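Welcome! Please look over the sequence and the model below, then try the exercises that follow.

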Amino acid sequence: MEKDELKNLLEQAERNISRLQLTSASEMDQIVRHRANRRRVVRSTLTFATVAVLLFSLSLWFSNTQNRKQNTQSHKQIASLEDQIQQLQTQTETTLKLVKEVLNQQRKRDRLTALDNELASINSRLLEIEAKTDQTAYRLFLTASQMYNDLNQKDSAIETYNRLINLFPNNRWTLEATKRLEEIKKQNSEEINTKGELL
Amino acid sequence: MTDCSRKSLASSAKEKEDDEIALVKQFIQGDPDAFKVIIENNHHDVATLANRILGWPGEVDDICQEVFLAAFLGLKKFKGNSSLKTWLFKITINKCRTHQHRRMLGLRIFNKAIIQPVERTHSANKATTEDKNSMRIRRAVCSLPTRYREPIVLRYFNDMSIDQTSNLLGIKKSTLNVRLNRARNMLKNELKDLIDK
């Protein structure tokens, strides 16, 4: 196909086509200026908005970082305080232990003193009892001696001496009683011998 | 074309370019009427190009607004390496591409609806054979992929040279020629009977 032929053919394309209805130059000028102004306003608003958003985000970021710093500082402070508290806790625990030990020792001492007192009181009672037993033993010895010497109740006296020996074997009056019994036995044997001779 | 006429054309083009640069300078300096003059000089061409690239929807005011808005905002960056028209055409092509891309993304049905009204108005009983043929040609051009439609529109509808077209589309001449050849073959297949006539 020749180029000119194509050109001729294509020229037909715009035949019988209605002419373009164009707005006047002044109107177009006005429209363009109006749109340009509007675009400028929109752009400036957008830039302002972007700047504002940027500033806002920057301030947010700044405050966040500040908060983080403060948080880290407070965290550090909290950590140091926690350490101090732990140290104090350990100190108080050790002092409490010491106090407990001291108190225990004190209690032990008190108990010991109480026991000592009790022991002392027991000793005094023992002495009392010893004195009383000694007294009783003496009375028995005395009674037996009176029976034997004054009342001439030899059998009763021997029985009382034996009773004294049985009841208070370690008493000093027991020794006296045994001596007396031996003496009485001797006297009895001598009397039997003299009666035999007399007979 | 004689040498004399060539020279006169070149000189008139040079004068035009100078005028355009002067207008741009006036606009940069803050002359409120300069941009109005730029619109007056180029509005029709920009609208026609957009109408052709988009498949003759008939309503290209939005695209024109977008193009002149981009020009208004970016005219300070215009260095004068090409003519103001070429610069505006470049913007137009880019805006048309964006428009088509948006339409392809979300409004595929709208794409058809844009072509349909032209078809409907001319497919009435009163429509002559010529109307039908022109409608077929338009439909054939519309059915071309964008990369083939754009060179065809610029080269054959806007009568641009290979250099200008390649410069506008930002492709090499060889690539442009390949695309043009392929587009021509596609159109040939589509409009075979019309060519035979």
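**Exercise 1.** Place A:Gln146 in its helix, then decide how exposed this residue is.

*Solution.* Start with the helix: A:Gln146 belongs to α2 (residues 25-149) of chain A. Helices here are DSSP runs of H or I with at least four residues, strands are runs of E with at least two, and both are numbered from the N terminus. Next, look at the surroundings: A:Gln146 is partly exposed because 13 other C-beta atoms lie within 10 Å. The cut-offs are 20 or more such atoms within 10 Å for buried, 12 or fewer for exposed, and partly exposed in between, with C-beta atoms placed from the backbone. Finally, A:Ala157 is 11 residues away in sequence and 8.0 Å away in space, C-alpha to C-alpha.

A note on the model: it is predicted, so local features need pLDDT of at least 70 and side-chain atom pairs pLDDT 80 or more, while totals for chains, interfaces and linings use all residues. Residues are numbered from 1 along each chain as its sequence is written, and chains are lettered from A and ligands numbered from 1 in the order in which they are written.

**Exercise 2.** Describe the make-up of chain B.

*Solution.* Count the elements: chain B has 10 helices and zero strands. Then check burial: 31% of its 197 residues count as buried.

**Exercise 3.** How many residues does each chain bring to the contact?

*Solution.* Chain B brings 34 residues and chain A 23; two residues are in contact if their C-beta atoms, placed from the backbone, lie within 7 Å. On the side of chain B that touches chain A, α2(B) gives the most, with nine residues.
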